[in-house]
Amino acid sequence: MRIETFQIPKTKKSSLRFQVDQAPFYDRLHQHREMQISWIVEGSGTLYLTDGVRPFASNDLFVFGSHQPHLLQSESSTALMNSVFFDKDALGNSFLQLEAGQELLHFYAFAKAGLRLSMTHSLKNRFNNLAKGNELIQLGQLFQLLHDIQKESFNYLSGEYPVFPTTEREGKRMQAIFDFTLSQYSQSISLKKVADIAAMTPPAFCKYFKKRTRKTYFEFLNEIRVNSACRLLQSKPQLPMTELALQCGFQSISQFNRVFKKQMGTSPRQYRSQN
């Protein structure tokens, strides 16, 4: 298995594609050359990146940089997402040398690491207009959307200067690590086991993973475990805390409390009462 690389389907004469997705969204960690802007119209779930885990909810807006691996896993059957995909190279070198083209190149650099922001009334209007008209009108709305995004408050998804695994070999390796972690996070995972999955020695794996994600493997694993715990704390309020911790892969309640508070800034019990 690998991080799937594919080209967004569009005609050769088209430089962008507007797409509406209903749950379940595309359920594989994947990457593509096109930059992607996605509006979560309805629903909630989890965004998986190669270097971390983020929950998402209605009216979240995500920008995924070119070749940035991602997976949006919806929790509701009614989840709805609108996306626009665009490729700067499809517009040609002549266009990119113009002032408008330079603005597009600036946005590519600005959003390379991916962005997360909240949908506003202005951004919503831009997005809705992208679904209408011919490509010339859509391009105009796209440039307005890119301009407006840069004026809003946002958070980077993967750090300002990420290193994405874009080769097939690296993609296969990261996908194997990713799939193994998602399927086994509730169990005890040793460094040797995950290093074997990556076909590396433990020291080489630690160096490899830290270089590409800017965090240790166990920091990444704990993010997935805490994210799972957050879902259970909300969906199963009567589940005993010790049992919940074990279901999420923590070996003891003290470890669970310590890791959860470090990541979420509050204790599991406080989180449950607040949510």
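Helix 2 (residues 99-110) lies across strand 4 (35-42), strand 7 (60-64), strand 9 (80-86), strand 10 and strand 11. Helices (H or I, at least four residues) and strands (E, at least two) are DSSP runs numbered from the N terminus, and residues are numbered from 1 along each chain as its sequence is written. This is a predicted model, in which local features need pLDDT of at least 70, side-chain atom pairs count only at pLDDT 80 or more, and totals for chains, interfaces and linings use all residues.

Helix 4 (residues 135-149) lies across strand 2, strand 4, strand 7, strand 9 and strand 10. The angles are listed below; they run from 0 to 180 degrees between N-to-C directions, with axes fitted to C-alpha atoms, for helices over the stretch in contact (heavy atoms within 4.5 Å).

| Helix | Strand | Angle |
|---|---|---|
| Helix 2 (99-110) | strand 9 | about 125° |
| Helix 4 (135-149) | strand 2 | about 75° |

The strands 2-9-4-7-10-11, in that order, make an open sheet of six with antiparallel pairing; two strands pair if DSSP finds at least two bridges between them. Strand 2 (16-22) and strand 11 (155-156) are the edge strands, each pairing on one side only. Strand 10 (residues 115-118) is joined to strand 11 by two bridges, and R116 stands opposite N155 in strand 11.

Another part of the model concerns the lining of the largest pocket. Helix 8 (217-235) is one of the elements that supply at least two residues to this lining, and helix 8 gives the most, with six residues. Strand 5 (45-49), strand 6 (52-56) and helix 10 (253-264) also each supply at least two.

Conventions: Heavy atoms only, no water.
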